[in-house]
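Q: Please take a close look at one part of this model, starting from its metal site and going on to a sheet. I am new to this structure, so please explain terms as they come up.

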Amino acid sequence: MLKMMRRIVQEVNAAQDLEQALSIIVQRVREALETQSCTVFLMEKDQQHVVLMATEGLNKDVIGKVKVPVGHGLIGLIGQKGELFNLDKASEHPSFIDLEGAGEERFNAFLGVPIIHHRRILGVLVVQQQEARRFDEAEEAFLITMSAQLAGVIANAEASGKVGDICEPADKLIDVTFLDGIPSVPGVGIGHAIVVYPLADLTAVPEKSATDIDAEIQKLNAAIIAVREDIQVMQQRMASSLPDEELAIFDVYLKMLDSHSLSGEITEHIKNGLWAQGALKKVILEHVKQFEEMDDEYLRERVTDIKDIGRRVLMYLQRDKHNLPEYPEQTILIGEEVTAAALVEVPEGKLAGVVSAKGSSNSHVAILARALGVPTVMGVNNIPANQLEGVELIVNGYHGRVYIAPPLALHKEFTLLAQEERQLDEELENIRDLPAETPDNKRLSLYVNTGLVADVERSLSAGAEGVGLYRTEVPFMSRERFPGEEEQRAIYRQLLTVFSPRPVVMRTLDIGGDKMLPYFPIQEENPFLGWRGIRITLDHPEIFTVQLRAMLKASEGLDNLHIMFPMISCLTEADDAILLLQKTYQDLREEGLNITYPKIGVMIEIPSAVTQAGELAKRFDFLSVGSNDLTQYILAVDRNNTRVANLYNALHPAVIRALQEVVMRGHEQGKTVSICGEMAGDPASVVLLLALGFDSLSMSAASLPRVKWVIRNLPLIVAEEALHNALSQVNPQAVRRQLERVLIEHDLGGLIWAGK
Ligand code: PEP
Ligand code: MG
């Protein structure tokens, strides 16, 4: 059963569209349960009716026509209550109503289960049989499991607007195709798509035509020669240790690469206009399919070899620097997993939007996009990446919606919205040089989070009083190896110089979790609970010391450097890190450098650090709360996991209490307490942070003017009352609603992040 179920799900997943997916479902489920009919009903958008969408066994003429009101008949009841019915004679049930024209009179046995995704009823899956009998337990369990697995596929299709397309073909006025996801950076971005795809993944290669056919053929030939050479080297290396029959595999590989077979076919496709990577994908996947269908087991196993050859050739094709895309003036990066590195590669000023399937609003790529003020939607299911290259997109970062090839009217509407945004920014310009001070004279410092040199200009023009978090890993990501001491020193010096005399808080390398360096891969089951941040740098003092030396050297004569350690989970880590810093400082002094010892800080982003905040405050000059990680660790919700994104919320009363504790313990030791997680840039959260007593807030440059506007218009006494109320709320949604009310009452409603 399990095998069969897997096969069905695989087949459904590979379907071109929802219609095809549903027809596979009804066919395969009917076969698997050996019943006479299987039917899928889907819920309409207005949640008022369930519509018969696909059937194998009932009259197909009624597809899309039979609509059952929710709460009526067996189907409508399942759609309303989410319960199942297993009946030997359906027509005898008091709620039974005949589906007109469907031809179900001949059936007696009825098993219907709801299709539920994330607590939402999406539809009903039904099997029917002439024989009057109850379906047995195994059949019931099969249908429930099948329906649970299919729910995800249907939800994805629904999210991309496809359900609506099928349900309402007649009364649709304009054909707007859109994708929904998690609103992650507010704003509107209009531009053309550049598809980001994982390297050496054949299935991810997008369709593109060749601009220069001869050049593409040359690239292919060079890649094939390189792979041949690699294989010959491997063959020689293995000659003494492998028996002849095993060594023969290398000959098979070499034969496959022969110009008369694979490469000949690929070249043909290039000549017909495909780019080399696309032609390779087409040929390899065709061969894979043919081999998979073979009865001979030996030949079926050759699939792995063909895929391997394909990947190797692709790797060389992708290594070619000329393959870097030509970025349009307004580039929207879109793909399964848009990485921070892909974002950094887009030339300055050209990035207009980011859309990613993986990740959520607190993923590092979203944070980076926020720093750049680029509208972003994360967690978007079912991106048809293959067909999007160069297509016009509108990214609505407020509501988490992406429009594909929008019609003119929509285009106009969003252009207007983008203009209004720019106007608000211009108005906020007026408060740029004014302090962040409440009407009742509570003064805070506002800093920026940065990682790109490109942010500097933006930060200064936003009126930042310094840098509250410099994520040093960003320049590490855009290289092909660890940057050396001098290379790092130059980068840090530039930043310290532009901001001087304002303080700059540099955080030591914080990789691991979802921040990977291409040249330092870490494979872990639980990366966020694994080798991350200070744990890596303490284990690699050679990397850590180079960075500390570079920071200290860069500060010579400027004296505005602050150093901060990430992911501290115990006092020993803190002590070890401080010791290493002190030793590095001593060494540099002995080398004759005249450097001032920097102010040092610790990030509070793990619950243990909250509990030991007082002890930590004794050792450091300042505490800085990393609320992004602190939230995920307090709530046990992966900040990067789309599936639990609805549970990730920094306004959870438990998180607010933790913040309260940190501020109190820090102040008891006479130390300053700052916050540099994303909540510091969210106008509603700022109401609480103000009342909690944070000395400084650090956020993206794009958020800073709005946050200052809140502080300048909201008396501390009002914020304190809001904090008091927030602590008695039962959930984060109630806290947010209450804070938004406060903003509205003080004429700050325009700053509310829609969709948050
Ligand atoms: C945080 O965790 O809140 C933080 C600022 O660090 P990062 O987002 O880089 O993990
Ligand atoms: Mg963090």
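**The metal site and a sheet**

A: Glutamate 605 and aspartate 629 are both buried (under 20% relative accessible area, with a 1.4 Å probe and protein chains only). In this predicted model, local features need pLDDT of at least 70 and side-chain atom pairs pLDDT 80 or more, while totals for chains, interfaces and linings use all residues, and side-chain values use heavy atoms, without hydrogens or water. Residues are numbered from 1 along each chain, chains are lettered from A and ligands numbered from 1, as written.

The magnesium ion (ligand 2) has Glu605 (OE) and Asp629 (OD) as its protein donors, at 2.0 to 2.2 Å (N, O or S atoms within 2.8 Å of the metal, or 3.2 Å for Na, K and Ca; water is not among the atoms, so sites may look incomplete). Glutamate 605 sits in the loop between strand 20 (599–604) and helix 20 (607–611), and aspartate 629 in helix 22 (residues 627–635), 24 residues apart. Helices (H or I, at least four residues) and strands (E, at least two) are DSSP runs, numbered from the N terminus.

Next, the sheet. Its 8 strands form an open sheet in the order 7-14-13-9-10-11-12-8, with mixed pairing (strands pair if DSSP finds at least two bridges between them). Strand 7 (177–180) and strand 8 (182–185) are at the edges with a single partner strand each, so one side of each has no neighbour in the sheet. Strand 8 runs antiparallel to strand 12 (residues 376–378), joined by 3 bridges. Isoleucine 182 has methionine 378 of strand 12 as its bridge partner.

Notes: Buried < 20%, exposed > 50% of the residue type's maximum accessible area, 1.4 Å probe, protein only.
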